[in-house]
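Here's a quick look at how two chains meet in a structure. Have the viewer open and follow along.

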Protein chains: 2
Amino acid sequence: MNQRPQTGYDLAKAFENEIGEFWQAQHSQIYPMLKRLETAGEITHEDTIAGEKLAKKQYSLTPSGHEKLVAWVSEPSPELAATKDEFILKLYFIKSADDPRLQPMLQEQAVLHRTQLAHLKQRRQTVFPDQAAIDQAYGHYLILDHAIGREQYYVDWLNQLLEH
Amino acid sequence: MNQRPQTGYDLAKAFENEIGEFWQAQHSQIYPMLKRLETAGEITHEDTIAGEKLAKKQYSLTPSGHEKLVAWVSEPSPELAATKDEFILKLYFIKSADDPRLQPMLQEQAVLHRTQLAHLKQRRQTVFPDQAAIDQAYGHYLILDHAIGREQYYVDWLNQLLEH
DNA sequence: ACGAACATGTAACCCGTTACATGATTAA
DNA sequence: TTAATCATGTAACGGGTTACATGTTCGT
């Protein structure tokens, strides 16, 4: 998306792995959008063949598209992140600290977020094994770092409530 | 929503203030939903008049609705929270730590999140001034506490990057 | 008298998810 | 050979936002 040509499939995977913690997009949203962006003149594609006859569309930014991307990154992002956390919503209906449903709920979430935290740490280790890897994709590293810190906070918060 | 009758307006305000950090719903979504829930037999309403002629609909849960709510709270919540943070998405396109756009971006977000953190702390002080207030709405307190911790982490993370 | 907050609704539109649909390539 | 992954698309549906629309009450 930045400079190297990518297929819609590549983008879908990036939304799943690289930035899925903070932004999501399914391939059913991506393919029509790529067509729209091409019509708008922000991207172009080149048809390539992998193997015998598997057709791929390698998209790349046009000068106009690149300009727009650079401008967009520099623009202010004044909106605070929108979150939908069903567990937290359910907490609203727990009126007392003694509610017998509370501890199981916390435990369930603790399992979930500990697993996620371990998974993210594992990813950091494999994707950014050394300083060179970090230097080459610093923003991506920051995203993963932020995701890990955020999960760590969530786990700590749950643990502290479980000790009680 | 729990036991005391509430109007659609009350609910909209709750989504704005009490749980807006983790779940959102506009009045345009709430009013039709209240009608649907009433048709389904989960809630009923009583027309009341405030002042001279301002019509209010005080909704309350039916036994069936209350049962469903209790069951829903106890159900597992296996999905991890979905987040959409445009700033973090933009970070993805910053390839180097020396990119001149990075520091201004971080500073802008720091202002945003410091303000939000101060606002949330202020709310905790006014909504939960003593232990009695916490004991009466423990879940609500936990939500606010979690929101504060989350913002504190975000601010700390940004500060640490700004020191650099 | 006026503006903010209270109070309730509908309509249009956009965005995003799930499901439907198809086919090629690669590794076990 | 068979399952996982690669690769691209469309359609239906639902949820959610913004905008449209109206009227009352309360505090200053």
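Start with the strands: strand 3 of chain A (residues 82-84) and strand 3 of chain B run antiparallel and are joined by three bridges. Which residue of strand 3 in chain B is the bridge partner of A:Thr83? That would be B:Thr83. Keep in mind that this is a predicted model.

Zooming out to the whole interface, 61 residues of chain B are in contact with 62 residues of chain A. The area buried between the two chains comes to about 6,500 Å², with carbon and sulfur atoms giving 64% of that. On the chain B side, B:Lys84, B:Tyr92 and B:Phe93 supply 11% of what chain B buries against chain A, more than any other three residues.

As for polar chemistry, the rule finds zero salt bridges across the interface of chain B and chain A. Polar contacts are another story: 30 residue pairs count between the two chains, both residues at pLDDT 80 or more.

Which elements build the chain B side? Helix 3 (63-74), strand 3 (82-84), helix 4 (86-91), helix 5 (102-127), helix 6 (131-136) and helix 7 (138-163) of chain B each bring at least two residues to the side that touches chain A. Helix 7 of chain B gives the most, with 13 residues.

Here is that side of chain B, the one touching chain A, split by class:

| Class (chain B side touching chain A) | Count |
|---|---|
| Nonpolar | 33 residues |
| Polar | 14 residues |
| Charged | 14 residues |

Notes:
Residues numbered from 1 in each chain as written. Chains lettered and ligands numbered in written order. Predicted model: local features only at pLDDT ≥ 70, side-chain atom pairs only at ≥ 80, totals over all residues. Heavy atoms only, no water. Contact = heavy atoms within 4.5 Å. Buried area = accessible area lost by both parts, 1.4 Å probe. Salt bridge = Lys/Arg side-chain N within 4 Å of Asp/Glu carboxyl O. Polar contact = N/O pair within 3.5 Å; in protein donor to acceptor, adjacent residues only side chain to side chain. Helix = DSSP H or I, 4+ residues; strand = E, 2+ residues; numbered from the N terminus. Nonpolar A, V, L, I, M, F, W, Y, C, P; charged D, E, K, R; others polar. Pairing = 2+ DSSP bridges.
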